[in-house]
Amino acid sequence: MEVLNIADNVLYNGTAIRALTNEALNINMGKMKIIELDNGVRNIFIESYVDYVVEYVNTDEKTIVDKMTRQIVSFDYKDSIKFYKFGYETTFDQIKDGEVLSVYDNNDSNSRNIVVYVSDDKETGKITGIDEDLVYINGKTYHMAAGTDLTNEYISGFVGSFYIDASGRIVGADVASD
């Protein structure tokens, strides 16, 4: 891995950061683009999303419980948060149990900017095969989101419901053996 130059410019989810941490480089879903300038300085653009499968929504406190980790996640950020479903703006109150939230957060305490993409896509059926980051369900091929390791938990022949994020990746499952 290449060492970062102190002169490199780093934008993490749209916010300039001075120190590049391991957390910023741990991109579960997203992308990194590096543009090398003539003077040797690089502009590094990092877009990172975190996925949550909604198990429970508390509309009063604006929190959800993530089905996969049991983590409580707060979305009480006033005007700095936008929710989108099917390309249209929606509200926190419209989120339902079983939906997947893909969260883009710039983590800037001075100017918080959070965008949440809501997906209610699910595939129900039988796992017919698993390869590294691919899972085959009912003959269809899906990528697994980074951090989603069905290979250690499930094997071919398991039947269940598979949660799909806004990018079309499997992020979790409820399964039972066939």
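Reader: Which residues form a nonpolar patch on the surface?

Author: This is a predicted model: local features need pLDDT of at least 70, side-chain atom pairs count only at pLDDT 80 or more, and totals for chains, interfaces and linings use all residues. Residues are numbered from 1 along each chain as its sequence is written, and side-chain values use heavy atoms, leaving out hydrogens and water. Patch residues have over 30% relative accessible area and no salt bridge; like charges are joined within 9 Å, nonpolar side chains (Val, Leu, Ile, Met, Phe, Trp, Tyr) within 5 Å. With about 210 Å² of accessible area together (Shrake-Rupley method, 1.4 Å probe, only the protein chains shown as cover for residues), the patch is made of Ile35, Leu37 and Phe45.

Reader: What is the relative accessibility of Phe45?

Author: Phe45 sits in strand S4, residues 42–58 (strands are DSSP E runs of at least two residues, helices H or I runs of at least four, numbered from the N terminus). Buried means under 20% relative accessible area, exposed over 50%, partly exposed in between (1.4 Å probe, protein chains only). Phe45 counts as partly exposed, at 34%.

Reader: Which residue in the turn between S11 and S12 has a positive phi?

Author: S11 (residues 122–131) and S12 (residues 134–137) run antiparallel, joined by 4 bridges; strands pair if DSSP finds at least two bridges between them. Ile127 has Ile137 as its bridge partner. The hairpin leaves 2 residues between the strands, and the turn residue with phi of about 25° is Glu132.

Reader: Which residue in S13 stands opposite Tyr136?

Author: S12 also pairs with S13 (residues 140–143), antiparallel over 4 bridges. In the turn of this hairpin, Asn138 has a positive phi of about 55°. Opposite Tyr136 stands Thr141.

Reader: Which residue does Lys140 meet in a salt bridge?

Author: A salt bridge puts a side-chain nitrogen of Lys or Arg within 4 Å of a carboxyl oxygen of Asp or Glu. Here the N to O distance is 3.4 Å. Lys140 is in S13 and its partner in S11, so the pair ties together parts 17 residues apart in sequence. The partner is buried at 11% relative accessibility: Glu123.

Reader: Which residue's backbone oxygen does the side chain of Ser119 reach?

Author: Ser119 lies in strand S10, residues 114–119. Ser119 is buried, at 5% relative accessible area. At 2.8 Å, its side chain reaches the backbone oxygen of Ile164.

Conventions
A polar contact is a pair of N or O atoms within 3.5 Å; within protein, one must be able to donate a hydrogen and the other to accept it, and residues adjacent in sequence count only if both atoms are side-chain atoms.
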